[in-house]
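User: I would be grateful for a close examination of one part of this model. Please describe the surroundings of the annotated binding site, residue by residue where possible.

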Amino acid sequence: MLLFCPACGNVLVAEEGARCHRFACTTCPYVRNVTRKVTSRRYPKLKEVDDVLGGAAAWENVDSTAEPCPKCGHPRAYFMQLQTRSADEPMTTFYKCCSGRCGHRWRD
């Protein structure tokens, strides 16, 4: 928590004396003694995380291929390719099992 000098508006700095703690201004003679514990906590509001792959809508119009699912062994999987690294790297292929009960996702 920042405290400001009521005389000149500068930020007060904390000083520790022999008998007491106080806030003092560095440009004018203003001093404020600390009479109680001074604390303040503020938690920032977290930003909502966007789904990198576009969520469930990204899998609506994709093709399927004869790639077996490593989890359930279903013989077909949906796939889509995205450029996840720099342009000189190959595209990353994402798979989703065609089985309605499994729905396992993996990448190659």
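Analyst: Beyond its neighbours within four places in sequence, cysteine 69 is in contact with His74, Cys97, Cys102, His104 and Trp106. The model is a predicted one. Cysteine 69 is placed in the loop that runs between strand 4 (63–65) and strand 5 (77–82). Its relative accessibility is 4%, and cysteine 69 therefore counts as buried, the cut-off being under 20%.

Two of these contact partners, Cys97 and Cys102, appear together with Cys69 and Cys72 in the UniProt record, where an unreviewed entry lists the four under "binding site". The four cysteines span 34 residues in sequence, yet no two of their C-alpha atoms are more than 9.0 Å apart, so they gather at one spot.

Cysteine 97 belongs to strand 6 (residues 92–97). Cysteine 97 is likewise buried, with a relative accessible area of 2%. When residues up to four places away in sequence are not counted, cysteine 97 touches the other listed cysteines, Cys69, Cys72 and Cys102. Its further contacts are His74, Arg76, Ala77, Tyr78, Gly103, His104 and Trp106.

The nonpolar packing of the model can be set beside this site. The largest nonpolar core has 6 residues in all: Leu3, Cys5, Leu12, Phe23, Cys25 and Cys28. A second, separate core holds 5 residues, among them Cys69, Tyr95, Cys97 and Trp106. Cys69 and Cys97, both listed for the binding site, are thus also members of this second core. In soluble globular proteins, nonpolar side chains tend to be buried together.

Definitions and conventions: Residues are numbered from 1 along each chain as its sequence is written. This is a predicted model: local features need pLDDT of at least 70, side-chain atom pairs count only at pLDDT 80 or more; totals for chains, interfaces and linings use all residues. Side-chain values use heavy atoms; hydrogens and water are left out. UniProt positions are given in the numbering used here, feature names are shortened, and annotations may be inferred rather than shown by experiment. Helices (H or I, at least four residues) and strands (E, at least two) are DSSP runs, numbered from the N terminus. Buried means under 20% relative accessible area, exposed over 50%, partly exposed in between (1.4 Å probe, protein chains only). Contact means heavy atoms within 4.5 Å. A nonpolar core is a set of buried Ala, Val, Leu, Ile, Met, Phe, Trp, Tyr and Cys residues joined through side-chain atoms within 4.5 Å.
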